[in-house]
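The paragraphs below go through one model, from the whole chain to a single helix, then to the core and the ligand.

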Amino acid sequence: MVKRGRSRSISTRKKQHLDLCATADVGFRGVTTLLEDVHLVHDALPELALDEVDLGTSLCGKTLRAPIVIASMTGGTSAAARINLDLAAIAEARGIAFGLGSQRAMHEDPAAAWTYEVRKVAPTALLLGNIGAIQASRMRTAEVQELVERIGADALCVHLNPAMEIVQPGGDRDFRGALGAIARLHAELGVPVVVKETGCGISASVGRRLLEAGIRTVDVSGAGGTSWVGVETLRARAGDRAMGAELWDWGIPTAASVALLAPLGFQVIATGGVRTGLDVARALALGAAACGVARAVLQAHSKGGGREVDRLIDGILGSLKAAMALTGSRKVADLHMIPRVIGGRLRDWLDQLA
Ligand SMILES: Cc1cc2nc3c(=O)[nH]c(=O)nc-3n(C[C@H](O)[C@H](O)[C@H](O)COP(=O)(O)O)c2cc1C
């Protein structure tokens with residue numbers, strides 16, 4: 001009974017999250033991704049044809065036709081199920097990866113599992129399950145494994161979101177046990193664990209602790225895109241909004257997080273404010289293996305369904321290809337090696353932390 005009540009409140013929250021992310025101004029206000037501080041060096045003699053540029057890559061052991069992840073967003077309601085099916089079908093058709101939203105709702109109420117079941121439309125796409133690290137710390141590995149198997153996920157994103165929880169009305173306030181749960185899941189789960197932030201980035205020192213726990217793939221989900229502190233601030237009662245307004249821009253910019261973590265040897269997914277093909281090219285030049293896009297995809301979907309999402313992805317892939325050709329990069333691996341000039345605030349972050 002208690003679980004049912006809790007799962008209803010999760011559904012209400014998820015619905016509010018979708019509505020706010022689709023329609024409200026929940027982006028970072030003064031902080032950017034700092035991807036604009038990565039300058040790619042023009043190659044006036046690329047000696048290749050645009051058609052030769054190959055966007056193929058691999059992530060979590062699966063081949064992708066382009067280095068793009070539709071990042072974890074939703075599940076648990078019938079509206080979420082429709083979004084998941086539409087986006088997963090697009091991921092399948094385009095050979096990109098698809099992340100489901102937190103599976104907490106289906107853990108609390110197994111009747112909600114159908115809202116995450118997308119394998120019927122995406123039999124081969126790289127499919128990422130999702131659960132919060134704090135929830136996972138309170139679950140047995142077998143229960144997490146059940147969530148993974150039920151949806152046929154290839155890997156599990158374990159998300160970190162302490163800033164959002166602190167601002168969320170009724171959110172978690174105790175973050176102990178997350179690293180232990182991550183190490184346990186890495187050791188015991190039948191699929192790879194991807195540790196993922198949700199908009200505040202991952203530092204090099206957290207990266208080193210994750211390496212010790214055995215983790216090899218991270219999604220930095222850095223600052224500069226969707227502010228989850230912002231989303232929760234808008235959900236809070238008027239009297240409780242001051243702290244959220246103050247912390248709205250909290251986090252490590254996406255570009256800084258990628259540049260700090262890639263040299264440690266991680267396979268890095270760059271999510272957080274990635275909107276264009278040039279953003280993707282810049283993140284890959286910093287060492288990212290792939291880029292994730294969340295809110296821009298949701299907004300496109302709410303504006304014009306799958307067709308608008310296709311248009312968004314066409315735009316991203318078109319300018320990524322152009323940036324690759326203009327830097328003489330035939331393959332994604334070439335983009336990891338090209339010269340780039342780092343300026344502005346990103347240089348400050350790296351000078352002081354790398
Ligand atoms: C509507 C919505 C719901 C989200 N739900 C989850 C979630 O359940 N689990 C998770 O790991 N991240 C979740 N995220 C965070 C995104 O995966 C991503 O890390 C973050 O929004 C930054 O990317 P963006 O700037 O492209 O939106 C959600 C994002 C959106 C927009």
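The protein chain contains 15 helices and 12 strands. The model is a predicted one. Along the principal axes, the C-alpha atoms of the protein chain occupy a box of roughly 65 × 45 × 40 Å. A compact globule of 354 residues would have a radius of gyration near 20 Å, and the 19 Å of the protein chain therefore agrees with that expectation. Of the 354 residues, 51% are buried. When contacts in the protein chain between residues at least 6 apart in sequence are taken, 80% of them join residues at least 24 apart.

Helix α5 serves as a local example. This helix spans residues 141-151, and within it Val144, Leu147, Val148 and Ile151 are buried. Viewed down the axis of α5, the buried residues lie within an arc of 95°, so they line one face of the helix. On the face turned away from the buried side of α5 are the exposed residues Ala142 and Glu149. The cover over the buried residues of α5 comes from both helices and strands: it includes α3 (104-108), α4 (133-137) and α7 (178-188), along with the strands β6 (127-132) and β7 (155-159). Just after α5, Gly152 has a positive phi of about 70°.

Next comes the nonpolar interior. The largest nonpolar core comprises 116 residues, and Val258, Val268, Ala283, Ala288 and Cys291 are those with the most contacts inside it. The element that gives the most to this core is α13, with 10 residues. What surrounds Val258, one of the residues with the most contacts inside the core? With neighbours within four places in sequence left aside, Val258 is in contact with Val220, Val268, Ala270, Ala283, Leu286, Gly287 and Ala288. Val268, Ala283 and Ala288 thus appear in both lists: they are among the residues with the most contacts inside the core, and they are also contacts of Val258.

The ligand remains. There are 27 residues around the ligand, and those that come nearest are His159, Ser221, Gly225, Ala294 and Arg295. Which elements each supply at least two residues of the shell? They include α1 (2-23), β7 and α13 (295-326). Two of these elements have come up before: β7 helps cover the buried residues of α5, and α13 contributes 10 residues to the largest nonpolar core. By residue class, the shell around the ligand consists of 15 polar, 10 nonpolar and two charged residues.

Definitions and conventions
Residues are numbered from 1 along each chain as its sequence is written. This is a predicted model: local features need pLDDT of at least 70, side-chain atom pairs count only at pLDDT 80 or more; totals for chains, interfaces and linings use all residues. A residue is buried if 20 or more other C-beta atoms lie within 10 Å of its own, exposed if 12 or fewer, and partly exposed in between; C-beta atoms are placed from the backbone. Helices (H or I, at least four residues) and strands (E, at least two) are DSSP runs, numbered from the N terminus. The arc is that of the directions from the helix axis to the C-beta atoms. Two residues are in contact if their C-beta atoms, placed from the backbone, lie within 7 Å. A residue is near a molecule or strand if its C-beta atom, placed from the backbone, lies within 6 Å of it. Ala, Val, Leu, Ile, Met, Phe, Trp, Tyr, Cys and Pro count as nonpolar, Asp, Glu, Lys and Arg as charged, and the others, Gly among them, as polar. A nonpolar core is a set of buried Ala, Val, Leu, Ile, Met, Phe, Trp, Tyr and Cys residues joined through C-beta atoms within 7 Å. The radius of gyration is taken over C-alpha atoms; the globule rule is 2.2 Å times the number of residues to the power 0.38.
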